[in-house]
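Please find below a colleague's note on the model shown here, set out as numbered points. The note moves from the chain as a whole to particular elements and residues.

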Amino acid sequence: MSSAKTKVTILGAGKIGGAVARILHHSGRYEVLVGDLSEQALERLKKETPVETAVVDVTKQDKVVKAISGSRAVLSACPFDQNEGIARAALEAGVSYFDLTEDVATTKAVREIADKSADGQIFMPQCGLAPGFIGILAHDLCQGFEKLDRVKMRVGALPLYPTNLLKYNLTWSTDGLINEYCNPCEAIRNGERIELQPMEGLEHFALDGVDYEAFNTSGGLGTLTETLAGQVADLDYKTVRYIGHQYLMTFLLQGLRLDGRRDLLKELLEQAVPLTNQDVVLTFCTVTGWRDGHYEQVADARKIYHGELCGKPASSIQITTATSLCAVLDLHVNGQLPKSGFVRQEDVKLADFLDNEFGKPYESAKQVREPIAAARKLAADLTTGLGTTT
């Protein structure tokens, strides 16, 4: 096996781009170049991670082509509205392309670009947490069913210590958050692909003794509605928050019509809602269908807490987003993904993802036991004299 490092270019030196650079550099298997328009951001990154950097204006396709030429892949950690241009530059440079977008229109544009990909060149958008890992997980849970009935995907990046009325802190891109809350939501109902309204479909559930709410948001399920069309009766994706958040956000978005004034909404949120790195990511997916003639349900619920990445403090959304992107890149380099063209998240085998060096945070995530099962076990223990009280 060759010991030569794989050269990759990361565009965007923010929190996620910096975390991806740190992970790949410390693996010892990647030669990393980070490009950004901000010299200050690049200097800040270099102080933490000794990688090559370059000032790159991602709005100029010729500049991007020059920066990424010679790399095996370009990883975009830029805002979603820059990704189509970066994908076009990747096509011109003959470089594989990865991004983190949740924007449906951007993904469609990248898919069209991928139709012209060269042999060995892939275009793989939506490589973060949701879309990203949650699609890999949901598709894996669907396997083995003779007939599918319902697929429910629920994901939340939540502050550990919510103290404001929204019960929320900013943990990632404000633009991405607003996009999720304002854009139409793909889903399947009664076997037909449809669009649902964001912020609707409110439901409540409890995990680990904590009450949550979930509601429709845009972009989290990636390409699964297309992949499972005609195979499942109902499929949807909802964002998880603490109870009360949906009501107040609906007042802002619809009551005050800030869904039509997104720049103002972003300004208000960033001035009033603090950032935090003390967060937890919750993923909860259930699949219902028929297997061996029986109507069954399987579920997977995980919690990933904030911690460290390569010796530096990191939020859970940094950990989950950056490691998911690194894992699929590594699977591509290892020849474990389709060789050319557009690659969906559901083209990734869950076992390969979890076995990958960069998939460890997901593999070792805390498995959440649903409270009813826990209560039943406690009741059973008490009846046999094994229960304890504190």
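What does the accessible surface of the chain come to, and what percentage of it belongs to carbon and sulfur atoms?

1. The model is a predicted one, and the points that follow should be read with that in mind. To take the opening question, the accessible surface of the chain comes to about 17,800 Å², and carbon and sulfur atoms account for 49% of that area.

2. On the overall build, the chain contains 14 helices and 18 strands. Its radius of gyration is 21 Å, close to the 21 Å that the globule rule gives for 390 residues, so the chain is as compact as a globular protein of that length. Taken along the principal axes, the box filled by the C-alpha atoms is roughly 70 × 50 × 45 Å.

3. On the interior and the contacts, 53% of the 390 residues in the chain are buried. If one considers contacts between residues at least 6 apart in sequence, 70% of them join residues at least 24 apart.

4. On charge, the chain carries 41 positive and 51 negative charges, and the mean positions of the two sets are 2 Å apart. Side chains of opposite charge can pair when their charged atoms come close. A search of the whole structure finds 16 salt bridges, some of which are taken up in the next points.

5. Residue D236 deserves attention, and one of its partners is R154, with the closest N and O atoms of this salt bridge 2.7 Å apart. The pair links distant parts of the chain, since D236 belongs to strand β12 (residues 234–242) and R154 to strand β7 (residues 147–159), 82 residues apart. Both ends of the bridge lie under the 20% cut-off for burial: D236 is buried because its relative accessible area is 7%, and R154 is buried because its relative accessibility is 3%.

6. D236 also meets the side chain of R189 in a salt bridge, at 2.8 Å from N to O. R189 lies in strand β8 (residues 185–189) and D236 in strand β12, so this pair ties together parts that are 47 residues apart in sequence. R189, unlike the buried D236, is partly exposed, with a relative accessible area of 27%.

7. A further salt bridge joins the side chains of R302 and D300, again described by an N to O distance of 2.8 Å. R302 counts as buried at 6% relative accessibility, and D300 counts as buried at 10%. Apart from that pair, salt bridges that share partners join R154, R189, E203, D236 and K238 into one network.

8. Is helix α6 enclosed by, or open to, what surrounds it, and how many of its residues are buried? Of the 10 residues of α6 (residues 133–142), 9 are buried, so the helix is largely enclosed by the rest of the structure. The buried residues include F133, I134, I136, L137 and L141, and among them are also H139 and C142. After α6 comes G144, whose phi is positive, near 95 degrees.

9. The loop between β6 (122–124) and α6 holds P131, and the peptide bond from A130 to P131 is cis, with omega near 10 degrees. A reviewer may wish to look at this bond in the structure shown.

10. Helix α7 (residues 174–182) is likewise largely enclosed by the rest of the structure, because 8 of its 9 residues are buried. These buried residues are T174, G176, L177, I178, N179, E180, Y181 and C182, and they pack against β11 (210–216), β12, α9 (245–255) and α10 (262–272). Strand β12 is also the element that holds D236.

11. Two residues other than glycine should be noted for their backbone angles. M199 has a positive phi, near 75 degrees, and lies in the loop between β9 (192–196) and β10 (203–207), where it counts as buried at 2% relative accessibility. C310 has a positive phi of about 55 degrees and lies in the loop between β15 (307–309) and β16 (312–314); at 36% relative accessibility, C310 counts as partly exposed.

Note on methods
Residues are numbered from 1 along each chain as its sequence is written. This is a predicted model: local features need pLDDT of at least 70, side-chain atom pairs count only at pLDDT 80 or more; totals for chains, interfaces and linings use all residues. Side-chain values use heavy atoms; hydrogens and water are left out. A salt bridge is a side-chain nitrogen of Lys or Arg within 4 Å of a carboxyl oxygen of Asp or Glu. Helices (H or I, at least four residues) and strands (E, at least two) are DSSP runs, numbered from the N terminus. Buried means under 20% relative accessible area, exposed over 50%, partly exposed in between (1.4 Å probe, protein chains only). The radius of gyration is taken over C-alpha atoms; the globule rule is 2.2 Å times the number of residues to the power 0.38. Contact means heavy atoms within 4.5 Å. Accessible areas come from the Shrake-Rupley method with a 1.4 Å probe; for residues, only the protein chains shown count as cover. Lys and Arg count as positive and Asp and Glu as negative; His and the chain ends are not counted. The place of a charge is taken as NZ of Lys, CZ of Arg, CG of Asp or CD of Glu.
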